[in-house]
Amino acid sequence: MTETQRDFLSAGFSLTLIALAAFVMQRFFLPLVWAGILCVATWPMHVWLRTRIRHNILSAALLTLVVAAIFIVPALLGVAQAARQAPELANYIVSANTDGVPVPDFLAHLPVVGDSIAEWWQATLSQPHGLAHLFSDREINGFHSASDIIKVAGVGFMHRLVDFGLAFLCLFFFYKDGEVLNRQIMNIGSRWFSEQRWAQYSEKIPTAIRATVNGLVLVGLAEGVLIGIAYWLAGLKSAALWAAATGILAIIPFGAPIAFVSAAAVLAFGGALPAAIAVAVWGTVVLFVADHFVRPGIIGNATRLPFLAVLFGILGGVETLGLVGLFIGPVVMVLFVTLWHEAQSHHADVG
């Protein structure tokens, strides 16, 4: 057997093992990716905590619990608030179905489409048992009954719960063994590429992840606070819960309108049309400033990415990869721009 044949067999064996490992672990890729993103974003906190308590495992466990609590506590508060308001919502639905829902006054004043919407509303939702007739004998998104929806939603919730637990289990071990894992990755990368080139790329990934987390999460939560103040001033019920939902949705670029437009609609249906307009206008202003100036500035200044690269990285990432793509997309763009500059410098050196 020649040396070339031996190299081909060795490469084929390695690729086969990688493919088999990927096939076996495909169900757990998403929790691993989320754990990696959280670990890189919060690694400086782990280093700081470890230097204070001088115990690696204890530091990893404490920080994992803190990060998990940041996600769990708001979710529990939201569930508790929703549970308290569930009877009121159920009574409203029963009343709306029995007596009908009057046409909101503002609909008739909408330009172009106002009259048509008001006529449809009067013919359907304003009639007794209009809600029941609207949804009866209809298959919604492939579901034939409410039990089908509940069943599928329950299965999906359990899958997400398992992913959630696995992500934080992985996060603990990433904190615990992060330095060893980083050295191993650096050794493998330096073996495949030149040490200088691998270092050039690998150093940019943590910076890109932390900048993206700051630009998306922190700015999104700030949007929730600012728009939440408008909810409170407008007299919206459960303004804190609406603000929390807005902050979560605002993590996704252009996601906040789903929340503040819905809140404005609730106010409008309740007869508070000026307050609804004020909430919609204020939310639009906050969204415009945050998504076009603050967020790209935070990410772009840290990663030295141009505005379009930041925007396309975020939007393209979430479109192709879902929520995790919010953080992977900018990292990919950082690596691409690094490659671009590397090619430019190589051309200048050759020239």
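**Around helix H8**

H8 passes H9 in a right-handed crossing. That's a handy way into this predicted model, so let's stay with H8 and work outwards to its neighbours.

Start with the helix itself. H8 covers residues 204-234, 31 residues in total, and its first and last C-alpha atoms sit 44 Å apart. At 1.5 Å a residue you'd expect 45 Å, so the span is close to that figure. Step just past the end of H8 and you land on Gly235, whose phi is positive, at about 80 degrees.

A little further along the chain comes H9, residues 239-250. The axes of H8 and H9 come within 7 Å and cross at roughly 150 degrees. Angles over 145 degrees count as roughly antiparallel, and that is therefore how H8 and H9 run relative to each other. Who's touching whom? On the H8 side you'll find Gly220, Leu221, Glu223, Gly224, Ile227, Gly228, Tyr231 and Trp232, and these meet Ala239, Trp242, Ala243, Thr246, Gly247 and Ala250 of H9. Sorted by class, the contact of H8 with H9 has eight nonpolar, five polar and one charged residues. When you look at the spacing along each helix, keep in mind that an α-helix has 3.6 residues a turn, so residues three or four places apart point the same way.

Now swing round to H11, residues 273-303. Here the axes of H8 and H11 come within 9 Å, crossing at roughly 165 degrees. H8 and H11 are therefore roughly antiparallel too, and their crossing is right-handed. The contact of H8 with H11 takes in 19 nonpolar, seven polar and three charged residues.

On the other side in sequence, H7 (residues 195-202) packs with H8 at an angle of about 5 degrees, their axes 5 Å apart. That makes H7 roughly parallel to H8. Gln200, Tyr201 and Ser202 of H7 make the contact with Lys204, Ile205 and Pro206 of H8. By class, the contact of H7 with H8 splits into three nonpolar, two polar and one charged.

How does this sit with the annotation? An unreviewed UniProt entry lists transmembrane regions at residues 7-25, 31-49, 61-83, 157-175, 211-233, 239-260, 267-290 and 310-337. Two of those listed spans are worth a look in the model. Residues 239-260 are 77% helix and 0% strand, with end C-alpha atoms 11 Å apart. Residues 310-337 come out at 89% helix and 0% strand, and the end C-alpha atoms of that span lie 11 Å apart.

How values were computed:
Residues numbered from 1 in each chain as written. Predicted model: local features only at pLDDT ≥ 70, side-chain atom pairs only at ≥ 80, totals over all residues. Heavy atoms only, no water. UniProt positions renumbered as here; feature names shortened; annotations may be inferred. Helix = DSSP H or I, 4+ residues; strand = E, 2+ residues; numbered from the N terminus. Expected span 1.5 Å × (residues − 1). Axes fitted to C-alpha atoms, helices over the stretch in contact; angles between N-to-C directions. Parallel < 35°, antiparallel > 145°, perpendicular 65-115°, else oblique. Left-handed = near helix turned anticlockwise from the far one by under 90°. Contact = heavy atoms within 4.5 Å. Nonpolar A, V, L, I, M, F, W, Y, C, P; charged D, E, K, R; others polar.
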